Amino acid sequence: MSASLQGYAVFRRLFSSRVTLESSSSSSRPLRSVRRSFVLGRPFSAMAAAKFDAPADGGTAPKLLFRQLFEKESSTYTYLLADVGHPDRPALLIDPVDKTVDRDLTLMKDLGLKLVHAMNTHCHADHVTGTGLIKIKMPGVKSIISKSSGAIADAYIEHGDKVYFGNLFLEVRATPGHTAGCVTYVTGDAPDQPQPRMAFTGDALLIRGCGRTDFQGGSSSQLYHSVHSQIFTLPGDTLLYPAHDYKGFTVSTVEEETKYNPRLTKDEEGFKNIMENLNLPYPKMIDVAVPANLVCGLQDVTLSAM
């Protein structure tokens, strides 16, 4: 048996779980529990515009707790969001890093939160995701990633899906171009959701920059259209939180980036010319990070089990 298939088999034994879905095409349809079956990292069936863990009616008013956390070696931001107005205080982590899992889970405990989702904006090439370690330490947590990423997870998301934590939710917007499976998570557009809106852009849009497009199915043309159609169309005061920053910035807005982003304020041809001439070095972690992230960050676990 190949190493990848052996690793996959170990993953299935460790992380077979149930996912609660609701089709947004029929809001009256009752929740149903769907057993996820994986074939080479993909489920047999996917439900378009699904709602993950939609809350029951009559819950208490949502109240967002938000923390921006940093991992210095890869300059990665991890984002913690929780509905502390809900009795269960459910929380999620966006783009956790393996090296800081203990820090993140300790913070959860300190704040009295219940982690329900560990999710990624894409299959990272510069660090190993913390989702696998989180699931070992907290088996009830569901891992989430884009269906287009090709990676293993408990639940796959697509454009238009909603991911609930308590009575708060994140809207999924497909923003490929840095990789084929990139998504941006945006806080809900509803009266009881946080204002101004917040967008977690992964590597699709960085503060005064963007992710590279020269590997993992990247496309400068696709990235340009993703950002302009899915991020720059959000309200101008929408807060933008990227997966990385290398200059000390922590947050920007749609209005700022549409005015001052030196790459994405160009026309498409100008943008493509910039991206094709970056001459960036080969990512030093890519040969470790990508294989590990394709199995939910469990490379060391799967290798030790062979």
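Analyst: Let's start with a term we will need throughout: a residue counts as buried when its relative accessible area is under 20%, and as exposed when that area is over 50%. Keep in mind that the model in front of us is predicted.

User: Thanks. Which residues are buried in helix α7?

Analyst: The general idea comes from helix geometry. An α-helix has 3.6 residues a turn, so residues three or four places apart point the same way. Now look at residues 286–294, which make up α7: Ile286, Ala289, Val290, Ala292 and Asn293 are the buried ones. Just past the end of α7, Cys296 has a positive phi of about 65 degrees.

User: And for the whole protein, what percentage of the residues count as buried?

Analyst: Among its 306 residues, 53% are buried. The accessible surface is about 13,400 Å², and carbon and sulfur atoms account for 53% of that surface. As for secondary structure, the protein has 8 helices and 17 strands. It also helps to ask how far apart in sequence the contacting residues lie. Taking contacts between residues at least 6 apart in sequence, 65% join residues at least 24 apart.

User: Let's turn to strands. How many residues of strand β7 are buried?

Analyst: For strands, think of two faces. In a regular strand the side chains alternate between the two faces of the sheet. Strand β7 spans residues 76–83, and 8 of its 8 residues are buried. One side carries Thr76, Thr78, Leu80 and Ala82, while Tyr77, Tyr79, Leu81 and Asp83 are on the other, and both faces are covered.

User: In what sense does β7 pair with strand β6, and over how many bridges?

Analyst: The pairing with β6 (residues 64–71) is antiparallel and runs over 8 bridges. To find the register, look for Leu65, which sits opposite Ala82 of β7. The hairpin of β6 and β7 leaves 4 residues between the strands, and Ser75 in that turn has a positive phi of about 55 degrees.

User: Which residue of β8 does Leu81 stand opposite?

Analyst: Leu81 faces Leu92 in β8. Strand β8 covers residues 90–94 and is antiparallel to β7, with 4 bridges. Here the hairpin has 6 residues between the strands, and Arg89 in the turn takes a positive phi of about 50 degrees.

User: In the hairpin of β12 and β13, which residue takes a positive phi?

Analyst: That is Gly166, with a phi near 65 degrees, in a hairpin that has 2 residues between its strands. Strands β12 (residues 162–165) and β13 (residues 168–174) are antiparallel and share 4 bridges. For a landmark in this pair, take Tyr164, opposite Phe169 in β13.

User: Now single residues. Is Phe215 buried or exposed?

Analyst: Apply the cut-off from the start: Phe215 is buried because its relative accessibility of 16% falls under 20%. Phe215 belongs to the loop that links β15 (198–202) and α4. Setting aside residues up to four places away in sequence, Phe215 touches Ala125, His178, Pro283 and Ile286. Pro283 is 68 residues away from Phe215 in sequence, yet the two C-alpha atoms are 9.8 Å apart. Recall that Ile286 is itself among the buried residues of α7.

User: Where is Ser226 placed?

Analyst: Ser226 is in helix α4, residues 220–231. It has a relative accessible area of 5%, so Ser226 is buried. Beyond neighbours within four places in sequence, its contacts are Thr175, Pro176 and Ile231.

User: Last topic, empty space. What is the volume of the largest cavity?

Analyst: The idea is simple: rolling a probe the size of a water molecule over the atoms shows where empty space is left. There is 1 cavity of 30 Å³ or more, and the volume of the largest is about 70 Å³. Its lining has 13 residues, with Asn120, Thr131, Ile145, Ile152 and Asn293 nearest the centre. Strand β10 (residues 142–146) gives the most to that lining, 3 residues. By class, the lining is 7 nonpolar and 6 polar, with no charged residues.

User: And what classes of residues line the largest pocket?

Analyst: The largest pocket has a volume of about 900 Å³. It is lined by 37 residues, and those closest to its centre are Ser74, Asp126, Arg212, His244 and Tyr246. The lining has 15 nonpolar, 10 polar and 12 charged residues.

Notes. Residues are numbered from 1 along each chain as its sequence is written. This is a predicted model: local features need pLDDT of at least 70, side-chain atom pairs count only at pLDDT 80 or more; totals for chains, interfaces and linings use all residues. Side-chain values use heavy atoms; hydrogens and water are left out. On a 1 Å grid over the protein atoms alone, a cavity is a set of points where a 1.4 Å probe fits but cannot get out, and a pocket is an open set with protein on both sides within 12 Å along at least five of seven lines; lining residues have an atom within 4 Å of a point. Grid points are joined across faces, edges and corners, and a volume is the space filled by probe spheres set on the points. Ala, Val, Leu, Ile, Met, Phe, Trp, Tyr, Cys and Pro count as nonpolar, Asp, Glu, Lys and Arg as charged, and the others, Gly among them, as polar. Buried means under 20% relative accessible area, exposed over 50%, partly exposed in between (1.4 Å probe, protein chains only). Contact means heavy atoms within 4.5 Å. Accessible areas come from the Shrake-Rupley method with a 1.4 Å probe; for residues, only the protein chains shown count as cover. Two strands pair if DSSP finds at least two bridges between them.
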